[in-house]
Every structure is written in C-alpha cells, then in structure tokens.
Amino acid sequence: MELVDKNIPVLLYHRIVKRGDVVGRHKIYVWEDRFYRQMKLLKEAGYSSVTFEDIHQHKVSGDKNVIITFDDGYEDNYIYAYPVLKALRLPAIIFLTTDFIEKGKKIAYNPCYNVLKPLSWGQISEMQKSGIMLGSHTNTHPKLSQIDIKEAEIEIRADRSSKKIRI
Ligand SMILES: [Zn+2]
C-alpha cells in the first residue's frame, strides 16, 4: 500500500546513443546529450533517484523522488548512461535479458537489434559497485502476453536463477 501511495514516477529508458549511431526500427533511444540534460534537470529540480531496495527499506522520504530504469541491457547503457549517472550520483536499475547478455542472442521480436551489443558481465559488475542495480527482464525477451503461462513462468524463473542477477 505504501508503495502505491508514494506515487514515485518511473523513468524507463532503453538505449542511450550518440547522434549518428544505429538506432534500430523501434527507435527506443535517447541522445546522450539529451540524457545528460534530463538527468541534470532532475538534480537541479531537487529530485533524488531511488531504487526498489530503498523503498523496501523505507529509506525514501519527501516527494521529489524518481526511479530511473533501463530495459534489455544494451552496451550503450555503460558507455553513455553510466558516466552521467555516476557523476551526478543517481542510482538506477537495469533490467537484463539474460540470453542477450550471456549468449549474445538477439532480442526475440527485435531482429534489427542483432547489430546491437549487450552489456558484458565485467561492465555490469563495475556498474553495480557504483549504485546500479540489476533486475530481471526474462530470458529470451518474448511477448509474455502472447505465450503460454507455463512458458512465461519458465522465462521469468530462468532469468531470476541466473547466478549473476542479484536484486
Ligand atoms: Zn525489453
């Protein structure tokens, strides 16, 4: 109940790219310079970036909180987003698709994305030491609403059981 009452906005990013980079068919990206400006504006407006862990531990106070998240686990999160988040001391959460990270498998219904690199575990563990948390984003990134409930359960469990994802 408390979680709902706090009404904390969640910013959901996918890719952070440099102008001129491959952006893909779905255009789920933000230019790196715009991302920096967005983060800086949040800071200047007095917002704190909080994680789900902070909420569970009742460490969240005030009404200027925000949750910053990234889906899928693209390498550009490390190259462009992480330095900004680190410099501005903004914790964030990256939801990883484990087959993409561990096996380099392209994300199921995003065939154009096979040119995009996933984060490496080295990059991930470096980020974890500086306030980046990890979350589960399934194993192969299927559309969960379009698969059998048992398959969906396997997708989610397989991802959570990945030894390296600890949230
Ligand atoms: Zn996704």
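Strand S6 (residues 92–96) is largely enclosed by the rest of the structure, because five of its five residues are buried, a residue being buried if 20 or more other C-beta atoms, placed from the backbone, lie within 10 Å of its own. Strands (E, at least two residues) and helices (H or I, at least four residues) are DSSP runs, numbered from the N terminus. This is a predicted model, in which local features need pLDDT of at least 70 and side-chain atom pairs count only at pLDDT 80 or more, while totals for chains, interfaces and linings use all residues. Residues are numbered from 1 along each chain as its sequence is written.

In a regular strand the side chains alternate between the two faces of the sheet. Both faces of S6 are covered, with Ala92, Ile94 and Leu96 buried on one side and Ile93 and Phe95 buried on the other.

The pairings of S6 are listed below; two strands pair if DSSP finds at least two bridges between them.

| Strands | Bridges | Direction |
|---|---|---|
| S5 (residues 65–72) and S6 | four bridges | parallel |
| S6 and S7 (residues 132–136) | five bridges | parallel |

Leucine 96 stands opposite aspartate 72, and also opposite serine 136 in S7.

The largest nonpolar core, a set of buried Ala, Val, Leu, Ile, Met, Phe, Trp, Tyr and Cys residues joined through C-beta atoms within 7 Å, has 28 residues, and Ala92, Ile94 and Ala81 are among those with the most contacts inside it. Elements that each supply at least two residues of this core include S5, helix H4, S6 and S7. Leaving aside neighbours within four places in sequence, alanine 81 is in contact with Ile16, Phe35 and Phe70, contact meaning that C-beta atoms, placed from the backbone, lie within 7 Å.

Key:
Buried ≥ 20, exposed ≤ 12 C-beta atoms within 10 Å, placed from the backbone. Contact = placed C-beta atoms within 7 Å.
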